[in-house]
Amino acid sequence: MMLDSKVPAGPLAEKWSRYKAEVRLVSPANKRKYTILVVGTGLAGASAAATLAELGYNVQVFCIQDSPRRAHSIAAQGGINAAKNYQNDGDSVYRLFYDTIKGGDFRAREANVYRLAELSCNIIDQCVAQGVPFAREYGGLLDNRSFGGAQVSRTFYARGQTGQQLLLGAYGALMKEVNSGQVKMFPRREMLDLIVVNGKARGIVCRNLITGALESYAGHAVVLATGGYSNVFYLSTNAKASNVTAIWRAYKRGALMANPCFTQIHPTCIPVHGDYQSKLTLMSESLRNDGRIWVPKKKGDSRPPSEIPEEERDYYLERRYPSYGNLVPRDVASRAAKAVCDAGYGVGPTKMAVYLDLRDAFERLGRQTLDDLYGNLFAIYEKIVGESPYSTPMMIYPAPHYTMGGLWVNYELMSNLPGLFVLGEANFSDHGANRLGASALMQGLADGYFIVPYTMGNYLASQSLEPVTPDREEFRQATLLAEERTKKLLSIKGKKTVDEFHRELGLLLWDYCGMARNRTGLEMLLKKIPELRAAFWENVLVPGEAETLNQSLEKAGRVADFLEFAELMARDALHREESCGCHFREEYQTPDGEAQRNDAEYAYVAAWEYQGDDVAPQLHKEPLVFEEVHPAARSYK
Amino acid sequence: MRVNIFKYSSVGKKQIVAITGLMLVGFILVHLGGNFMLFGGPEKFNGYAEDLHRLGPILWAARAILLVAVSVHITLTFSLYLENRNARGTPYAVYADFGNTTFAKRTMILTGGLIFFFVVTHLSDFTFASKTGPRTVIPGVNGDASLGLFGLVWMSFLRPWRVVLYIGAVCMLGMHLSHGIQSFLQTLGINHSQWTPYIERVSNLIGVLVALGYSMIPLYVVIRHLTVGVGV
Amino acid sequence: MAKTISLTLKVWRQKGPNEPGRFETYEARNISTDASFLEMLDIVNKELTLQGKEPIAFDHDCREGICGSCGAVVNGHAHGHERETTLCQLHMRKFRDGDVLVIEPWRSRVFPVIKDLIVDRSALDRIIASGGYISVRTGQAPDAHALPVSKEHADAAFEAAQCIGCGACVAACPNGSAMLFVAAKVSHLSLLPQGRPERWRRVQKMVRQMDAEGFGACSNHYECEAACPKGIRVANIARLNREHLLAAFRARLFGEYPDIKVLPPSV
């Protein structure tokens, strides 16, 4: 298969304008003849659905939660980047583009990233017009803060709840279209299969989570905005319902899965404290603006932090990376934390934590200012840990947070399956091997508000699509398949709960496909995961029935997919014999422990094609062509 | 322009309740001022009552407005009360408040209803009762001649159960007002981060003062009767 | 430091919206005080599952207090007794060994029980759909700096906009009123210049929808404020009242917005 990225010709800065100028349009009278199915209502899904509906398409929207407002974008804390240069500190579209592609360790598609940087300014304008209450200065204009991987302040924020405010803006836009009748909302639905008719994505089958009924929906195009798969690690900062199922089923219907091993481990999360733990909680990276990260200089030092004098503290990020200091990109910060803890310098009861200390900032800025910036984060920390960040340094440790990998899409955000558009975290497109902070919100909204409305029109205008209704054979087949699977899950009646399997899988991945990976570990994973999967299908215990609300059954379906997906992840990690961004192969590192990229052999997107359940997937390579930037060794020293 | 307040939104109804409530608060304060004339003796008190009556149509207009205010206040509150009760559905097995609600707030409908019944008896006892005849005579005073409304009030409060009833009723009124006045401001949209805590205290204070003020009337009658007598 | 406690739970179990519900008693043994309330329920559910029983169904998602999915009434308090805390952020160190906890779903006629502790809160979505947004299209919005907003107004708007739509205000209100929820959105948008053009119409539409759903009216108990996990203030309700009063005068005087419609419950 030839992967055509469909990147328009011309200079980088003109590609998107040129695309828009040449794109095919659908007339208003024809738009209302098309139905578009949007799965997921996070930033990408809600913004896409609202915008497509405004244009006049009929949009049907599906979400797993009871309300579209609850999608996990809501939990994003720190902020959203935009190249507004309101601070006059030397920012520009080009600089945001360069920071992002460098932050991703030159494993992202240049044209996509440039377009993202270009659109970043429109997003802020749009959100302000919607009433998103960004933080402002006394003069009435917008405030900014800085984030990892950048030397400018370009991050717009609403205290520590930026994702919430942006999502509620998009949710408002979506509800406006629900009111106008252009959007039909289907909450508490979980997509279980993608329907492909004559090679094109034409519908979905979902489970009504209240009644348990399997429902079929047909449309002219399908938009997947179902988020990332960090929950494959069991413990992650993702919401409990976040899962891989929607994109995994699309993969099994022929869509390519790109770079699945690129998973971001976020450096500043509240450490694990017990085996009953159900999730991990992020402490926004923005805290690294004012907080300093350190460990004791002495191994196994168990004194309370207040008793460790200044000269006995190792501010290891400031020491190793003097020019970026505490604001190095996430992958670098995470690895550094792992390194000091592995070497025995960790703190806290488990010794798997480092201090994030705001003492100096409290002295410099005062409590009121810090409360304005991070008040809600302090409250979360205090509730979870039971210690006050005002009086003692916070303890943090890295945790799975975001997945750069996802379904392969071209410049139009369309997968290799025509009619299947993939937005936001669910696609692989813009962050390469590591995402910079405050860029996920930017990508989700750029995809939904400003990209897919154009590319969707181009697709629909250039197709002649036969009428498809839910009574077609393809829907019947898919429904039957889903039904059988459900029946199977409920009939095993084994001895272990779904969570136990999930936890086991998560631990395996965390140990061997987490912050550091090596050939031996990954090869072992490729044996262990199928074994665990087999054990799951023999010994899982799923109580209850199919025809009702059954949360155990929902979980079982998701974990079954994680068990398949994890194998692909390990396979991808094994095949990429270089270190880049988050993907740190221990065999490939510089003498001082930094990631060593191999541009000669691995400057490509690895896109995997499903070949059958027990058959190895086929690898397709989309070479990454850099016309504008020259991949250089990524240095934050 | 047709106006049907029963078709107003819940917020609109509440605001009508608040406005009518404020009118009634005004009446209650004026009425209290009038009652204080009792301390000036029969001439002053009866003179004030006669002055009011001389207003004629104006008095009747005021009474009509009050009647409308009372009816609207009560019917709207009652309809809201029924809607509110209906909104819960299955009751909680355990319900605990966080302490923001108070006894006065929770019993508004009860104190309101009791005040209404009290007002009915109060009207028949005083407003519509004959201002002449044996019930207006205070034995041994003014040569056993009628003392008009003054005599009627005086004699009523010489019966202990009336004193108890009256004081009980005005205490309820005070409680009703203590929440009613602050609630009125909130419902009409007045809430201020600095002033509202004071407004709440003033509202409670007015409630207490109204209850005390009205209670002074029967207490005055009883104490005065038992000590120096009417003194006319 | 973490220790373990044991509790007795009386949990509302109800198979479906039209089935009768009742309390079942379970023991939660050796729960770490570092566990969250929902993790405690996870542990109980695991035991129930292994005993072949159906686990307790409860809504939850982000488990960091921002999605608004979770919520139950614990010993009479919405989201438990701890102030400004969602159920998922309530930790077991706030309870004592041997405590008996009565756990019920939100009780409101407008929030029918779907199963156990899960209720249907779609009415809140319909209230937002009726007008809880600024009607701008995606496209060429003016530059974000075109319209300055005073820091005081922006901060106040943010305070109101923090609402997570969990429904605790309704659950805690003696009248089952949703005024704090509606007021938070009305306040957020009317405080910003971008939201001003449609402020009168918005408040009328949202209040109409709120009434049509069957929520109770506010009688200023302020229990909602105490139960709100985001600490949203009742001053927002006063602002809604003010907006509503002014809107009503405008409607009477100028005959504005006669076309307000109410969304059917099916949306």
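# Strands, contacts and core

User: Which residue of S5(C) is the bridge partner of C:Leu9?

Analyst: In S5(C), the bridge partner of C:Leu9 is C:Leu101. This is a predicted model, in which local features need pLDDT of at least 70 and side-chain atom pairs count only at pLDDT 80 or more, while totals for chains, interfaces and linings use all residues. Residues are numbered from 1 along each chain as its sequence is written, and chains are lettered from A and ligands numbered from 1 in the order in which they are written.

User: What makes S1(C) and S5(C) a pair, and in which sense do they run?

Analyst: Strands are DSSP runs (E, at least two residues; helices are H or I, at least four), numbered from the N terminus, and two of them pair if DSSP finds at least two bridges between them. Four bridges join S1(C) to S5(C), residues 100-104, so these strands satisfy the rule, and they run parallel.

User: What joins strand S1 of chain C to strand S2 of chain C?

Analyst: Nine bridges join S1(C), residues 4-13, to S2(C), residues 22-32, and these strands run antiparallel. One of the partnerships links C:Trp12 with C:Phe23 of S2(C).

User: How do you know that S3(C) pairs with S5(C)?

Analyst: S3(C), residues 73-74, and S5(C) share two bridges in the antiparallel sense, so the required minimum of at least two is met. C:Val73 has C:Glu104 of S5(C) as its bridge partner.

User: Why do S2 and S4 of chain C stand at the edges of the sheet?

Analyst: Five strands of chain C form an open sheet with mixed pairing, in the order S2-S1-S5-S3-S4. S2 and S4 (77-78) each have a single partner strand, so one side of each is left without a neighbour in the sheet. H1(C) lies across S1 and S2 of chain C and runs at about 105 degrees to S2(C), where axes are lines fitted to C-alpha atoms, for helices over the stretch in contact, and angles run from 0 to 180 degrees between N-to-C directions.

User: How many residues does each chain give to the contact between chain C and chain A?

Analyst: Residues are in contact if their C-beta atoms, placed from the backbone, lie within 7 Å, and the contact takes 67 residues from chain C and 63 residues from chain A. On the side of chain C that touches chain A, H1(C) gives the most, with seven residues. That side divides into 29 nonpolar, 21 polar and 17 charged residues.

User: What makes chain B a chain of helices, and how much of it is buried?

Analyst: Chain B has eight helices and zero strands, and its C-alpha atoms fill a box of roughly 65 × 45 × 35 Å along the principal axes. Buried residues, those with 20 or more other C-beta atoms within 10 Å of their own (12 or fewer is exposed, in between partly exposed), make up 29% of the 232 residues in chain B.

User: Which residues have the most contacts inside the largest nonpolar core?

Analyst: A nonpolar core is a set of buried Ala, Val, Leu, Ile, Met, Phe, Trp, Tyr and Cys residues joined through C-beta atoms within 7 Å. The largest has 345 residues, and those with the most contacts inside it are A:Val223, A:Leu224, A:Val354 and A:Leu407. Leaving aside neighbours within four places in sequence, A:Val354 is in contact with residues including A:Ile293, A:Trp294, A:Val340 and A:Ile396. In soluble globular proteins, nonpolar side chains tend to be buried together.

Conventions
Contact = placed C-beta atoms within 7 Å. Nonpolar A, V, L, I, M, F, W, Y, C, P; charged D, E, K, R; others polar.
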